[in-house]
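Visitor: Take me in for a close look at one part of this protein, please. I'd like to start where its pieces meet and then move on to the spots worth zooming in on.

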Amino acid sequence: MSGILAFDIGGTKIASGVVQLPSDDSGRPKITLQDEIPTRPSEGGDKVRERLICFAASQLESARLDGLEIEGIGIAAAGVPDSATGEIISATDILPGWRGQQLYAAFAEITDLPVYMVGDVIAHGIGEAHYGAGRGSRKLLSIGVGTGIGGAIIIDGDPYLGAHGVAGHAGHMTSPLGQGFLCSCGSAEGHIEPVASGQGLANLYNRRTGRQLVSSGAQVAQLAQEGDKLATSTLSDSAEALGACIGGMANLIDPDGIVISGSVTKAGPVWWNALQKGFSHSALPLLSRILLVDGNLGGQAPLIGAAVAAHRHIAHQ
Ligand SMILES: [Zn+2]
């Protein structure tokens with residue numbers, strides 16, 4: 001049985017594993033040779049690329065020793081990658097020097113295997129659409145709410161990327177709640193991310209208290225559980241505003257499933273109920289009954305999605 005050697009390149013770590021996809025749609029992918037290395041982004045994009053290639057060479061050797069046949073390499077990369085050329089065309093300050101890296105050329109130095117790369121948020125959505133909470137959806141909207149907010153639109157198993165590769169950037173939908181909060185994209189004109197991501201929850205709570213009391217969404221959720229009314233209303237207002245944005249996205253793309261993943265989804269029922277309420281009020285009547293569901297592949301979703309994307313790309317070649 002052959003597998004895809006997959007990589008998930010994030011701001012703190014690069015995870016890898018050999019993903020064996022099941023032969024029928026009801027099975028589950030099997031991941032072996034799971035390993036990870038630190039990204040160390042402060043060393044710059046060139047060093048991150050070099051360390052990635054060393055890691056890949058070592059993983060290929062381990063697969064060979066284990067007798068695992070590798071069909072190709074799938075990459076879920078932070079930033080906005082160009083799947084056709086293997087270039088990172090955009091990246092934030094979380095990975096300095098990452099923009100402009102040529103990953104297909106770098107992999108070609110160590111292997112002749114086909115390599116295919118998609119964005120990490122896109123890979124997450126592909127994973128959930130094929131083998132996770134979005135299984136069975138033909139038009140899936142996948143939203144990740146963690147350090148930032150991202151999203152992916154998966155149509156019949158493949159991502160819709162748009163003309164510039166940025167389709168699905170859900171964090172930059174506008175919301176009155178975000179007015180005056182600086183977004184990671186540089187705008188302060190009311191994007192949802194700076195008030196609804198994990199850091200966003202902390203921003204909103206600190207702004208309302210007028211003090212720097214918390215530094216993460218998890219702390220706001222903890223305070224809400226302890227009975228802090230301002231923390232509870234912050235969670236609720238933030239989730240309702242995000243739900244309204246997701247409703248707007250749904251009105252535009254008409255999905256048959258919506259999966260929500262990421263660390264903020266652990267904030268509890270106050271957050272989830274407000275998210276669903278904001279969604280239902282904003283979505284058109286035909287869509288307002290769609291249930292927003294929790295992703296179920298967790299941290300393995302990007303590796304699985306990268307493997308699916310690479311496998312489908314190789315099959316279509
Ligand atoms: Zn923004």
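Guide: Let's settle one term before we look: contact means heavy atoms within 4.5 Å. Also keep in mind that this is a predicted model.

The protein is split into domain 1, made of residues 2-125 plus 299-316, and domain 2, which covers 136-295. Their C-alpha centres sit 27 Å apart. Where they meet, seven residues of domain 1 are in contact with 17 residues of domain 2. Together the two domains bury about 870 Å² between them, and carbon and sulfur atoms give 65% of that area. On the domain 1 side, Ile122, Gly125 and Arg312 lose the most area to domain 2, and together they make up 50% of what that side buries.

Now zoom in on the metal. The zinc ion gets its protein donors from His172 (ND1), Cys183 (SG), Cys185 (SG) and His191 (ND1), at 2.0 to 2.3 Å. Angles among the four donor atoms run from 100 to 121 degrees, and the site is tetrahedral. Read along the sequence, the donor spacing is H-x10-C-x1-C-x5-H. His172 belongs to the loop between strand 10 (158-159) and strand 11 (174-179), while Cys185 belongs to the loop between strand 11 and strand 12 (189-191), so this pair ties together parts 13 residues apart in sequence. Neither of these two is buried: His172 is partly exposed because its relative accessible area is 24%, and Cys185 is partly exposed too, at 44%.

From the zinc ion, head over to Val264, in the loop between strand 13 and helix 8 (269-282). With a relative accessible area of 5%, Val264 counts as buried, because the cut-off is under 20%. Setting aside residues up to four places away in sequence, Val264 touches Val145, Gly146, Ala196, Ser197, Gly198, Leu201 and Trp271. Then there's Ala218: it is 46 residues from Val264 in sequence, yet their C-alpha atoms are 7.4 Å apart in space.

For a buried loop residue in domain 1, try Ser83, which lies between strand 5 (80-82) and strand 6 (87-90). Its relative accessible area is 13%, so Ser83 is buried as well. The Ser83 side chain reaches the backbone oxygen of Met117 at 2.7 Å. Leaving out residues up to four places away in sequence, Ser83 touches Tyr104, Tyr116, Met117 and Val118.

Last, a couple of backbone oddities. Most residues other than glycine have a negative phi. Asp156 goes the other way, with a positive phi of about 50 degrees although it isn't a glycine. You'll find Asp156 in the loop between strand 9 (149-155) and strand 10, and it is partly exposed at a relative accessible area of 35%. Asp254 is another residue other than glycine with a positive phi, near 55 degrees. Asp254 sits in the loop between helix 7 (229-253) and strand 13 (257-261), and it is partly exposed at 48%.

How values were computed: Residues are numbered from 1 along each chain as its sequence is written. This is a predicted model: local features need pLDDT of at least 70, side-chain atom pairs count only at pLDDT 80 or more; totals for chains, interfaces and linings use all residues. Side-chain values use heavy atoms; hydrogens and water are left out. Donors are N, O and S atoms within 2.8 Å of the metal (3.2 Å for Na, K and Ca); water is not among the atoms, so sites may look incomplete. Four donors count as tetrahedral if all angles lie between 85 and 135 degrees; four count as square planar and six as octahedral if opposite donors are over 155 degrees apart and all others between 65 and 115; anything else is irregular. Helices (H or I, at least four residues) and strands (E, at least two) are DSSP runs, numbered from the N terminus. Buried means under 20% relative accessible area, exposed over 50%, partly exposed in between (1.4 Å probe, protein chains only). A polar contact is a pair of N or O atoms within 3.5 Å; within protein, one must be able to donate a hydrogen and the other to accept it, and residues adjacent in sequence count only if both atoms are side-chain atoms. Domain bounds come from an automatic or database domain assignment. Buried area is the accessible area (1.4 Å probe) that two parts lose on being put together, summed over both.
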